[in-house]
Structures are given as structure tokens and as C-alpha cells.
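Student: I should like to examine one part of a protein model in detail, after a brief orientation to the whole. Please build the account step by step.

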Amino acid sequence: MNKTRVILPLIALVGLLPTLAMADVDVRARVTKQKDIRIQERINIQKQAVIDARVRREVTKAAESQALVNQTNWNNEVCTNCDEKRDIIVNSGSGNSGVLDINQSAGNMNNQGNAVSIAVDVQIEVPPNGGTEDPRDEGFADSQAHVDQKNFNNLVDTVNILFRDALIRDSINNNAGVAHVNQAPGNMANQSNTFSLAVSLARGGVALAEADLGQVNRNNRVEESDSRGIRDAQFIGINKRADIIGSINGNTGVVGVNQSAGNMANQANVVSFSSTGFGN
């Protein structure tokens, strides 16, 4: 008997029967993923303003005033612990007439300044014997006020400040004229109040006024903290306050106030005023 003739029909028969396969598969995989994110942001801002003011007038009177302040804090370092300071102005600087300047600083390396410049030309006298002033008389008034403040490459390294207070209470009230105040218990503050006034008393004319302010903070570091990494120690933290209460009310004229309990502040009030045409 031929074995091949027997096996082949058996294989064909088995192929006609339904089949069922079962298997348990346990798959474990470990995926390693690395992601690099790079963000490049470039901002380029350029501003250029050119003002060319040319005046061709025949004037009989002129007044020119200029106030200029430059303040710089550069490569300074403050390293202290428990650096408590308090600046207080209470019941002060009120009811004055004219020019009032106050600078108060319990901090370190603070620049404070008040600059006032006033120019007024003389009144043209009316000619005697019933004469009159020439109606063509004109004046020229030019006022400029400029402040430049820079803070760069400075370091403040302080631990634990229980208090650092700046307080103005019931002060700088009911003044007439110019009142300027600077207060800084902090570190490396640039504070300025600048006022320039030019007045021509002629019947008419030209008045020019310019105010300019430039401020820069660059490459400074403030490392005030509750601790220096010492374990199991109690730290009091960093506590600062700057308050103005019941103050700077009822004044007439120009008032400038700067107050800073922090670090590396640039603060300035810049006023420039010019006028003509006050003659009779």
C-alpha cells in the first residue's frame, strides 16, 4: 500500500476541520525619550526723535532756565544680616511758601537730589508822562529739565530683615510753591525731583519747554533671603513697608515725592514750564 496516498487525504481532511489557537502574551517595554527645547527671542527696538526748533524773532526780553541731574550707582555691594532701617517723616514739611526740599536716607549708597531752576526777565516799565509800551515788544522763554539715572553691576546680599520701613505721616501738606521729598531706607536708589521754570514778562513772544528722563537698570542682583541653607534654624524673613498716610494734601504749585524701601530703584519727577505774554 502506498503511504503517500493515505497521508495526503488525511492532511486534506484535517485542513477542512475548524482551527482554534490560544496564547497568553506578556509584553514589557521600556521607552526612553529625550526632548530638547530651544527658544530664541530677539527684540530690537530703535527709536529716534529729532526735533529742530528754530526761532527767528526780534525780541526785547528773554528768560532761559535749565535744571540737570545725573545719578549713577555702579559696582556697589551690600552684604548685611538683619539689616533693619526705618525712615520716618511725621508732622513735618507743611505750611511752607517758596521752595521746600527734603532728603532722607537710612539706607546704603542712595543718590538723592532736588534741582530747581527759575528764570524770569524784568518787567518793562511804562514810559513816564503818559507814554505807552511799544506793542511790538516780544519776549523769549526757554525751559529745560533733564534727569539721567543709572543702576548697573550692583549686588545686594542680605539675610533676615525684621523691618525696613519708609513712613510719611501727616506731612507735606498745605505748601505753596515747590515741595520736593525723597525717602529711601533701602539700598542703591536714585531719587530726583527736578523743576525748571522760564517766564518772559513781555506782551507776547515765544515759549519753549523740554523735559527729558533717562533710566537704566542693568546687571544687578538682589539675593535677599530667609536663610543661607542652614538646617533647623528659625528665620524671621524679609519684611518691608512704604506708607504715605494723611500727607501730600492741599498743596499749591509743584509737588514731587519719591519713596523706596526696596533696592536699586530709579525714581524721578521732572517738570519743565515756560510762558510768555504776561506783560500789561
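Student: How much area does the protein expose, and what percentage of it do carbon and sulfur atoms supply? With that settled, please take a close look at the salt bridges, and at how their residues relate to the strands and to burial.

Tutor: The model is a predicted one, and every value below is computed from it. The exposed area of the protein is about 18,500 Å², of which 49% is supplied by carbon and sulfur atoms. Among the 280 residues, 36% count as buried. The secondary structure consists of 15 strands and 1 helix. When contacts with a separation of 6 or more are considered, 88% of them are between residues 24 or more positions apart.

The strands provide the setting for the salt bridges. In one open sheet, 3 strands are arranged in the order 2-7-12, with parallel pairing. Its edges are strand 2 (77–81) and strand 12 (221–222), each of which pairs on one side only. Strand 7, made up of residues 155–159, is joined to strand 12 by 2 bridges, and these two strands run parallel. In that pairing, Leu155 is placed opposite Arg221 of strand 12.

The salt bridges number 9 in total. In one of them, Arg164 meets Asp83, with 3.4 Å between the closest N and O atoms. This pair connects distant parts of the chain, since Arg164 belongs to strand 8 (residues 164–169) and Asp83 to the loop between strand 2 and strand 3 (85–90), 81 residues apart. Arg164 and Asp83 are both buried.

A second salt bridge joins Arg86 to Asp165, and here the closest N and O atoms are 3.2 Å apart. Strand 3 holds Arg86 and strand 8 holds Asp165, so that this pair too links distant parts of the chain, at 79 residues apart. The two partners fall into separate burial classes. Arg86 has a relative accessible area of 44% and is therefore partly exposed, whereas Asp165 counts as buried because its relative accessibility is 17%, and the class of buried residues ends at 20%.

A third salt bridge returns to Arg221, the residue opposite Leu155. The side chains of Arg221 and Glu223 meet at an N to O distance of 2.8 Å. Glu223 is partly exposed because its relative accessible area is 34%, and Arg221, at 48%, is also partly exposed. Salt bridges that share partners also produce one network, which joins Asp83, Lys85, Arg164, Glu224 and Lys240. Its members thus include Asp83 and Arg164, the buried pair described above.

A contrast to these charged pairs is offered by a polar residue elsewhere. Asn190 lies in strand 10 (residues 190–199), and it counts as buried because its relative accessibility is 0%. Its side chain makes a polar contact of 2.9 Å with the side chain of Asn111. With neighbours within four places in sequence left aside, the residues in contact with Asn190 include Gln71, Thr72 and Asn73, along with Gln149, Lys150 and Asn151. Also among them are Ala265, Asn266 and Gln267.

Notes. Residues numbered from 1 in each chain as written. Predicted model: local features only at pLDDT ≥ 70, side-chain atom pairs only at ≥ 80, totals over all residues. Heavy atoms only, no water. Helix = DSSP H or I, 4+ residues; strand = E, 2+ residues; numbered from the N terminus. Buried < 20%, exposed > 50% of the residue type's maximum accessible area, 1.4 Å probe, protein only. Contact = heavy atoms within 4.5 Å. Areas by Shrake-Rupley, 256 points an atom, 1.4 Å probe, with all protein chains shown as cover. Pairing = 2+ DSSP bridges. Salt bridge = Lys/Arg side-chain N within 4 Å of Asp/Glu carboxyl O. Polar contact = N/O pair within 3.5 Å; in protein donor to acceptor, adjacent residues only side chain to side chain.
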